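Grab a pencil and work through these exercises with the model open beside you. Try each task on your own before you read the solution.

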Amino acid sequence: MELKNLIIVDHPLAKRDLTILRNKNTSPLEFRNAIRRISSVLVTAVTQYFTLKKIKVQTPLEKTTGFVLKDEVVIVPILRAGLSLVESFLELIPDAKVGHIGIYRDEETLKPVDYYLKLPKNLKRAKVLIIDPMLATGGSASAALSFLKRRGAKDITLVCLLSAPQGVSKVINEHEDVKIYTIALDRTLNDKGYILPGLGDAGDRAFGTF
Ligand code: PRP
Ligand code: URA
């Protein structure tokens, strides 16, 4: 696997929170709280090289130089589990726009089924961040990337908490221009397409639908 587009965000707080997420006894409330904390680590990593524009700012004492983000940022959660990451992204990038892509995996075929799409206009010059807790077969992420490219997005980054080698390979092979940020690359998938060791079904665990 060509791994130059895979960035594994290695941080003690992320490792601690991923352990909480993996634990099958973690409640939906604790699960959502851990996702919120771990997402903050991901936002910091993924925005590290964003370009700034200089502005003048008047402090109570004098004028000095300050900074704003140069490019518009568009966050695109993949429904439904991706919603659990949005709050942290907006906390740290408050003027980002939010698009939504509804995709679920058919449980038999594991193929992505799309059911909702609402994106801001003018994606062409925006920095687009697709967010989803899980990158398993890669079907959902690859479909989301194709939708966004068809709508004109040029600069897209995929942000997933937990990834499987199969999903990483699929995205890298089908979208070689896209960088993937993740907290951990797990071992493999089981025959139902779940990540091993993984954390189970992220949407069900975050929203209590099990
Ligand atoms: C999960 C997850 C991803 C997808 C990953 O969503 O949030 O979107 O599976 O699997 P893939 O890489 O094999 O496509 P799911 O289909 O369970 O829908 P949900 O968010 O509505 O629970
Ligand atoms: N989707 C999930 O929520 N979990 C997995 O392990 C794989 C896909």
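## Exercise 1: A patch on the surface

Leu52 is part of strand 2, which covers residues 52–58. Keep in mind that this is a predicted model.

**Task.** Find out which residues form a nonpolar patch on the surface together with Leu52.

**Solution.**
Step 1. Start with Leu52 itself: its relative accessible area is 45%. Buried would need a value under 20% and exposed one over 50%, so Leu52 counts as partly exposed.
Step 2. Now add the partners. Leu52 forms the patch with Phe67 and Leu69.
Step 3. Put a number on it: together, Leu52, Phe67 and Leu69 have about 290 Å² of accessible area.

## Exercise 2: Two rings

**Task.** Describe the geometry of the aromatic pair made by Tyr104 and Tyr115, and work out whether it is stacked, edge-to-face or tilted.

**Solution.**
Step 1. Count first: the structure holds 1 aromatic pair.
Step 2. Take the two values you need. The ring centres of Tyr104 and Tyr115 are 5.9 Å apart, and the planes meet at 40°.
Step 3. Compare with the cut-offs: under 30 degrees is stacked, over 60 is edge-to-face, and the rest is tilted. At 40°, the pair of Tyr104 and Tyr115 is therefore tilted.
Step 4. Place the rings in the chain. Tyr104 sits in strand 6 (residues 100–105) and Tyr115 in strand 7 (residues 112–118), so the pair ties together parts 11 residues apart in sequence.
Step 5. Check the exposure. Tyr104 is partly exposed at 45% relative accessibility, and Tyr115 is partly exposed with a value of 45%.

## Exercise 3: Following the salt bridges

Side chains of opposite charge can pair when their charged atoms come close.

**Task.** Look at the salt bridges Asp17–Arg37, Arg22–Asp186 and Lys127–Asp155. For each one, say which parts of the chain are joined and whether the partners are buried or partly exposed.

**Solution.**
Step 1. Get the total: a search of the whole structure turns up 9 salt bridges.
Step 2. Begin with Asp17 and Arg37, whose side chains meet at 2.8 Å, N to O. This pair links distant parts of the chain, with Asp17 in helix 1 (residues 12–22) and Arg37 in helix 2 (residues 28–46), 20 residues apart. Asp17 has a relative accessible area of 1%, so it is buried. Arg37 comes out at 34%, so it is partly exposed. There's a third member to add here: Arg16, Asp17 and Arg37 are linked in a network of salt bridges.
Step 3. Go on to Arg22 and Asp186, also joined by a salt bridge, at 2.8 Å, N to O. Arg22 belongs to helix 1, while Asp186 lies in the loop between strand 10 (179–185) and strand 11 (188–189), so this pair ties together parts 164 residues apart in sequence. Arg22 is partly exposed at 27%, whereas Asp186 is buried at 8%.
Step 4. Finish with Lys127 and Asp155, whose closest N and O atoms are 2.7 Å apart. Lys127 is in strand 8 (residues 127–135) and Asp155 in strand 9, so parts 28 residues apart in sequence are tied together. Lys127 is buried, with a relative accessible area of 16%, and Asp155 is partly exposed at 31%.

## Exercise 4: A buried serine

**Task.** Say where Ser163 lies, whether it is buried or exposed, and which side chain it contacts.

**Solution.**
Step 1. Locate Ser163: it lies in strand 9, residues 155–163.
Step 2. Read its relative accessible area, which is 0%, so Ser163 is buried.
Step 3. Look for its partner. The side chains of Ser163 and Thr182 are joined by a polar contact of 2.9 Å.

## Exercise 5: Around ligand 2

**Task.** Which residues are around ligand 2, and what share of its accessible area does the protein cover?

**Solution.**
Step 1. List the surroundings: Arg105, Met134, Ala136, Gly193, Tyr194, Ile195, Gly200, Asp201 and Ala202.
Step 2. Pick out backbone atoms. One backbone N or O atom of Ile195 is 2.8 Å from an oxygen atom of ligand 2. A polar backbone atom of Gly200 lies 2.8 Å from a nitrogen atom of the ligand. For Ala202, a backbone N or O atom is 2.8 Å from an oxygen atom of ligand 2.
Step 3. Now the cover: on its own, ligand 2 has 240 Å² of accessible area, and the protein covers 88% of that.

How values were computed. Residues numbered from 1 in each chain as written. Chains lettered and ligands numbered in written order. Predicted model: local features only at pLDDT ≥ 70, side-chain atom pairs only at ≥ 80, totals over all residues. Heavy atoms only, no water. Patch = residues over 30% accessible without salt bridge, like charges linked within 9 Å, V, L, I, M, F, W, Y side chains within 5 Å. Areas by Shrake-Rupley, 256 points an atom, 1.4 Å probe, with all protein chains shown as cover. Salt bridge = Lys/Arg side-chain N within 4 Å of Asp/Glu carboxyl O. Helix = DSSP H or I, 4+ residues; strand = E, 2+ residues; numbered from the N terminus. Buried < 20%, exposed > 50% of the residue type's maximum accessible area, 1.4 Å probe, protein only. Polar contact = N/O pair within 3.5 Å; in protein donor to acceptor, adjacent residues only side chain to side chain. Phe/Tyr/Trp six-rings, centres within 6.5 Å; stacked < 30°, edge-to-face > 60°.
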